[in-house]
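Student: I should like to look closely at a single part of this protein. Could you please guide me through it once the sequence and structure are shown?

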Amino acid sequence: CPPMSLTATTSSDEEDDSDSSTKPIRSEKKKNPASLFQTGGDPPKEKKSKKKVPPKGAESEEETPETLQKNSNKKGKAKKSKKKEERPPSPVIEVDNLEEFVLRPAPQGVTVKCRVTRDKKGMDRGLYPTYYLHLDNDKKVFLLAGRKRKKSKTSNYLISIDPTDLSRGGENFIGKLRSNLMGTRFTVFDNGANPDRANADWSNVRQELSAVVYETNVLGFKGPRKMTVIIPGMNADCERVPIRPRNDNDGLLMRWQNRNMDNVIELHNKAPVWNDETQSYVLNFHGRVTHASVKNFQIVHSSDPDYIVMQFGRVADDAFTMDYNYPLCAVQAFAIALSSFDGKLACE
C-alpha cells in the first residue's frame, strides 16, 4: 500500500536522517492473518497450518526503541552505520526454482526479508537505473531485476529473473509494471500474453498481480505520501485468485474504482505518526530502516494494522530493505517498490 514513513515535514531534504518509533511491528497472533485475504470458498484448510513457522530471528527485531533523532541540517549518517550489521536477516528460505518462487506467496508466518539495490552506473543508468532484489541473508540469493523501458509513453518497468537479461522477448521476463500517463496509478502484470493474443480458453492471458494508486497530499512536498495497493484475493487453498482482464475496463484498477471488490483486496500504507520532539513523521521499522525518506512505507490491511503485509525503506543512498509477508509474492512486492521510485509521482 502507500509509501510513507520516516518523512520529515520540517525540511524539503528528502533524505534526512531519522529513525523508527515505538510500536511493535508484529501482531500478537490474535487472529489468523490469512483470513483477511480470503475472498472465496471455505476458511483456509487446516493442513496449511503447518506452514506457520515462527520467523527465525524475529526476537532480535524487538530491539530497545532508539531515541528518535531529527536534525534537518545534519545527515548524521556516520553514527548510524553500525545499524547495518544489526538488521535481522531473512529466515532460511529455499529458492529451488526461481521462477516459481518469485510468483509464490510468502509462507504464512514467515517474513521474507530482501534488499533492493539501485545501480545508476553506466551511460544511461542515471536516467534508467537497474534495480536488483536479493534475499537479505548470508547467501544474498538473487531474486529479480527491474528496469524502466526507454521508449514507452508511460513508465513501464520490465522485471526479469536474470540480472543480465532485461529484454521483453527473453525467456527470463517474469512481469512488468506499467503506469498511467499521470504516473500516479500503476498495474503489475505477470508474463502472460496480451488479451489480443488470447488462446481459446484464455489460459495464456496475462494476470494482473497488483495495482498501486498514489494520492497527492495537501502538504505537497513536505508530507508523507498516501498509497492504496490493490491485490487479487486468495482462495481456500491460499492460492492467488487469477485476475485475467479481457480489456482495459476489467482490470484491478477499474474494479477498485467501481467498488466491484469480488476477489479483490484493498490495502493501504500505514499512516506515520507526527512526533513533536523530532518534528518529523515516524513509523517503527525495528531496525530494518535507518534513513528517512518519503519512499519509506509499510502496507497493511485496515482490519489488522499490526500485520505488516510489506515494508520498504532506505538503509543507504542506493540500498533499501524490502520485507514481505503472506499473501504477497516477490514479484508483487518488488513491483510495488519500483513504483515508489518512479520520477513522475506528483506526490514526491
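Is Asp 342 buried or exposed, and what is its relative accessibility?

Tutor: Please keep in mind throughout that this is a predicted model. Asp 342 has a relative accessibility of 1%. The limit for a buried residue is under 20%, so Asp 342 counts as buried.

Consider next the partner of this residue. Asp 342 forms a salt bridge with Lys 148, and the closest N and O atoms of the pair are 3.3 Å apart. The two residues belong to distant parts of the chain: Asp 342 is in the segment after α5, while Lys 148 is in strand β3, and 194 residues separate them. Unlike the buried Asp 342, Lys 148 counts as partly exposed, at 22% relative accessibility.

The helix that precedes Asp 342 deserves attention in its own right. Helix α5 covers residues 330-341. It has 12 residues and reaches 17 Å from its first C-alpha to its last, close to the 16 Å expected at 1.5 Å a residue. In α5, 12 of the 12 residues are buried, so the helix is largely enclosed by the rest of the structure. Among these buried residues are Val 331, Phe 334, Ile 336, Leu 338 and Phe 341, together with Gln 332, Ser 339 and Ser 340. Cys 329 is also buried, at 0% relative accessibility.

What, then, lies against this helix? Helix α5 lies across many strands, including β1 (112-119), β3 (142-148), β7 (208-215), β8 and β14 (319-324). It runs at about 25° to β7. Strand β3, which α5 lies across, is also the strand that holds Lys 148.

These strands are part of a wider arrangement. In total, 12 strands close into a barrel, in the order β1-β2-β3-β4-β5-β6-β7-β8-β9-β12-β13-β14, and their pairing is antiparallel. From one strand to the next, the twist averages 20°. As a general principle, strands of a sheet pair through backbone hydrogen bonds, in either a parallel or an antiparallel manner. One pair within the barrel may serve as an illustration: β8 (residues 226-232) and β9 (residues 264-269) pair in the antiparallel sense over five bridges. Within this pair, Ile 230 stands opposite Glu 266 in β9.

The contact between Asp 342 and Lys 148 can now be set beside others of its kind. A search of the whole structure finds eight salt bridges. One of them involves Asp 323 and Arg 288, whose closest N and O atoms are 2.7 Å apart. Asp 323 lies in strand β14 and Arg 288 in the loop between β11 (280-282) and β12, so this pair ties together parts that are 35 residues apart in sequence. Asp 323 is buried at 5% relative accessibility, and Arg 288 is buried at 0%. Salt bridges with shared partners also bring in Asp 136, so that Asp 136, Arg 288 and Asp 323 form one network.

A further salt bridge joins the side chains of Arg 255 and Asp 250, at 3.3 Å from N to O. Here Arg 255 is buried, with a relative accessible area of 17%, whereas Asp 250 counts as partly exposed at 25%.

Finally, a search for disulfides across the whole structure finds zero.

Note on methods. Residues numbered from 1 in each chain as written. Predicted model: local features only at pLDDT ≥ 70, side-chain atom pairs only at ≥ 80, totals over all residues. Heavy atoms only, no water. Pairing = 2+ DSSP bridges. Helix = DSSP H or I, 4+ residues; strand = E, 2+ residues; numbered from the N terminus. Axes fitted to C-alpha atoms, helices over the stretch in contact; angles between N-to-C directions. Contact = heavy atoms within 4.5 Å. Disulfide = S-S within 2.5 Å. Buried < 20%, exposed > 50% of the residue type's maximum accessible area, 1.4 Å probe, protein only. Salt bridge = Lys/Arg side-chain N within 4 Å of Asp/Glu carboxyl O. Expected span 1.5 Å × (residues − 1).
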